[in-house]
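Here is a report on side-chain contacts. It covers aromatic rings, charges over rings and salt bridges.

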Amino acid sequence: MNCCGLSRNKSLQGIIRRLNEKEAHINLPFAYHGINRLLSLLKHKSQQIKLHRHQASGQVHWVDHLIAMCLRQNKGSRGMFTVYIEAAKGVYHPKSFIEEEDMKVILLWQLAGNRVAEINHQASGLPSVSYLHSRSTVPPLIPSSHQPTTNEVQINLDESVHSILKVLKEVVQSAGVIHTVLMFDEIATEKQICWDPKTNNFLELCREYLHRTSIEFVNEDDVKELYRSLDNNEVHYASEATIAALRALCKNNQLYPARAVMVSGDCKQETGDEHAVIIQTVLDSVNKLQEKTKFCIMSIASDGEAHRSAALVHLTFKKILSNTSPIHRQLKFLTFLNLHVRDDDLTCDKDFKHICKRLRNLIIRECGISVNHHHITPNIIIAQLKHEGLAADHILSMFKPDDKQDVKLAYDMLKDIWSLPHSTGSLNHGFLENCEALWVLGKFAFHLVFPYLCVDLSLSEQIKHRSAATHLSLALYKQAGKEFLPMNLYIDIMIMIKNIVFCITKAKVDNPNGEFWIILLGTDHLEELFGILRTMVGNDANLDMLQLVSWLAGMTEVSNILAKYPEWDRKPCCLNLPALTCESKEILDSTDHLKPGS
């Protein structure tokens with residue numbers, strides 16, 4: 001290289017640059033540094049070591065927040081150390097929290113209350129209760145002190161969806177409409193009069209007889225008149241609260257949690273026609289806000305409660321599906337399908353977990369059931385299960401007559417029955433006949449329950465299982481009538497299967513390229529809300545109406561958070577059902593595979 005090219009030599013340029021620097025680069029070995037520079041570097045290293053020691057001491061919580069804040073402010077190790085010492089002394093508190101941390105604290109606050117939240121704030125540097133109030137997005141409901149009105153339901157619905165309007169718009173842009181289920185259920189309440197400051201009305205009275213007295217509070221005479229009416233049996237305490245809630249049938253986990261829109265007192269003396277008026281009021285209220293929410297109600301879901309069943313028949317069995325209906329072309333070739341609907345093609349639904357519980361409770365009765373011309377009693381089932389090698393303790397636990405609300409117990413029994421073989425090696429003729437009858441019963445239970453739990457089935461395969469359950473129940477009911485299934489249970493099973501077919505058809509017509517999950521049908525998520533309530537107040541206590549209304553907002557918020565972060569949740573054992581493979585093997589991990597969000 002000639003002398004003219006030396007100015008472009010990169011090695012030489014680096015040497016000249018380092019010669020012109022006032023100090024050696026910080027990353028050079030110590031041999032290249034002067035005394036003053038070495039002292040400065042050692043001081044800097046000492047600051048870093050002290051910082052790391054203090055971090056390891058645990059004197060300051062949320063160290064990651066403190067470091068992130070310092071980095072945003074371009075602080076060096078000395079500045080970080082100063083801020084850390086202030087935080088350790090309690091002079092400085094980092095206030096930056098990410099959304100996930102906020103949700104964890106809100107979850108704990110709603111489940112455990114203000115006292116626990118304040119203790120966490122003081123002990124661990126978590127957000128304060130006043131901050132949590134500002135982050136809470138679900139406002140309290142307006143209770144229906146009289147007969148529910150359209151205005152009350154509309155206000156509650158508008159408030160409950162206000163925080164998710166942005167998500168609603170995003171879903172509507174892709175799907176065009178948001179299919180929903182309207183759910184109804186009851187929860188027991190404490191019989192004590194309370195005053196609602198929002199409405200200035202007395203609560204905890206049944207809606208059926210409130211036309212006989214005034215419940216508005218003006219002065220002391222109103223209280224005396226109210227108790228006089230109660231003593232004379234002119235009005236009644238509400239022994240339970242009727243709750244109506246909406247659930248979106250979509251994959252977005254911010255939408256499918258149940259959202260309560262009505263709370264009303266009931267004394268269990270309402271007729272089916274009277275209850276139909278309540279349901280119609282909620283329907284009208286939701287439909288009036290359809291332009292804003294884009295909620296399209298597909299079905300009205302309930303458990304097997306008698307007066308609501310009569311109301312749903314009154315509302316949803318008005319006429320045969322019209323030839324002009326957009327879903328008629330899809331359904332007209334299904335020979336045995338009942339086509340009775342409401343004027344807007346609405347159908348009713350029954351919760352499948354309640355069906356499972358009722359089926360198990362039927363099987364464990366002493367009188368038994370009749371299947372394929374054979375009378376099956378609990379002793380016969382126990383003998384068959386023992387012959388297949390099941391443990392005696394396991395069998396005994398399934399036949400506890402006092403445990404009728406455990407869904408997991410019902411599933412275990414039905415699964416053990418459908419796992420029985422078609423025949424055995426026994427030479428006893430009666431034993432073989434009972435084995436075959438139980439195999440038929442097991443097939444019915446399998447086709448009824450399995451589509452809800454298997455994560456590998458397509459919608460088409462789920463419908464095939466439903467069809468098999470329908471035809472089996474029809475044939476067995478034709479043989480034995482109410483000796484096989486009580487008429488109410490048989491009708492509820494048929495209503496449930498019919499609703500699945502109608503809902504899938506509606507979803508296909510409205511959004512041919514969309515998705516659908518039958519597990520979202522029914523009232524299961526309303527039951528989950530009640531489970532959250534029991535976590536909040538305990539299993540041995542009831543709330544009055546005013547407390548219930550205030551707690552419902554917290555229940556909904558907890559449900560929203562657990563839907564967004566399902567890995568945090570563990571459902572109650574009595575409500576939790578396992579996800580299955582096509583081979584009926586349970587998927588053994590903590591994830592809830594049944595919900596679409598997972």
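Tyr411, Trp418, Phe446 and Phe450 come together as one aromatic cluster. This is a predicted model, and side-chain atom pairs count only at pLDDT 80 or more.

**Aromatic pairs**

Across the whole structure, a search finds eight aromatic pairs. One of them joins Phe202 and Phe217. Their rings meet edge-to-face, with 5.7 Å centre to centre and 70° between the planes. Phe202 belongs to strand β3 (residues 201-203), while Phe217 sits in the loop between β3 and α10 (220-231). The two positions are 15 residues apart in sequence, so the pair ties these parts together. Burial can be read from the accessibility values. Phe202 counts as buried because its relative accessibility is 6%, and buried means under 20%. Phe217, at 31%, counts as partly exposed.

Tyr477 and Tyr490 form a stacked pair. Here the centres are 4.2 Å apart and the planes differ by 10°. Planes under 30 degrees apart count as stacked, so the 10° angle places this pair in that class. Tyr477 is part of helix α20 (residues 459-480), and Tyr490 is part of helix α21 (residues 487-510). The pair links distant parts of the chain, 13 residues apart. Tyr477 is buried at 19% relative accessibility. Tyr490 is also buried, at 13%.

**A lysine and two rings**

Which rings does Lys498 lie over? One is Phe317: Lys498 lies over its face, at 4.3 Å from the ring centre. Another is Phe502, where the charged end of Lys498 sits over the ring, 5.6 Å from its centre.

**Salt bridges**

The count comes to 14 salt bridges. Three of them are set out below.

| Pair | Closest N to O distance |
|---|---|
| Glu186 and Arg308 | 2.0 Å |
| Arg228 and Glu234 | 3.5 Å |
| Arg358 and Asp492 | 2.7 Å |

Take Glu186 and Arg308 and their salt bridge. Glu186 lies in strand β1 (residues 178-188) and Arg308 in helix α13 (residues 306-316). The bridge links distant parts of the chain, 122 residues apart. Glu186 is buried, with a relative accessible area of 13%. Arg308 counts as buried too, at 0% relative accessibility. Asp303 joins these residues: Glu186, Asp303 and Arg308 are linked in a network of salt bridges.

Next come Arg228 and Glu234, which also form a salt bridge. Arg228 is partly exposed, with a relative accessible area of 36%. Glu234 is likewise partly exposed, at 24% relative accessibility.

In the third bridge, the side chains of Arg358 and Asp492 meet. Arg358 is in helix α15 (residues 352-363) and Asp492 is in helix α21. They are 134 residues apart, and the pair links distant parts of the chain. Arg358 is partly exposed at 24% relative accessible area, whereas Asp492 is buried at 6% relative accessibility.

**A buried acid without a bridge**

Where does Asp406 lie? Its place is in the loop between α17 (392-398) and α18 (407-418). Asp406 is buried, yet has no salt bridge. Why is Arg360 not a partner for Asp406? Arg360 is the nearest side chain of opposite charge, but it is 7.5 Å away, and a salt bridge needs the nitrogen within 4 Å of a carboxyl oxygen, so the pair does not qualify. Asp406 does have a backbone neighbour: a polar atom of its side chain lies 3.1 Å from the backbone nitrogen of Leu409.

Terms used:
Residues numbered from 1 in each chain as written. Heavy atoms only, no water. Phe/Tyr/Trp six-rings, centres within 6.5 Å; stacked < 30°, edge-to-face > 60°. Helix = DSSP H or I, 4+ residues; strand = E, 2+ residues; numbered from the N terminus. Buried < 20%, exposed > 50% of the residue type's maximum accessible area, 1.4 Å probe, protein only. Lys NZ or Arg CZ within 6 Å of the ring centre and 35° of its normal. Lys, Arg positive; Asp, Glu negative; His and termini not counted. Polar contact = N/O pair within 3.5 Å; in protein donor to acceptor, adjacent residues only side chain to side chain.
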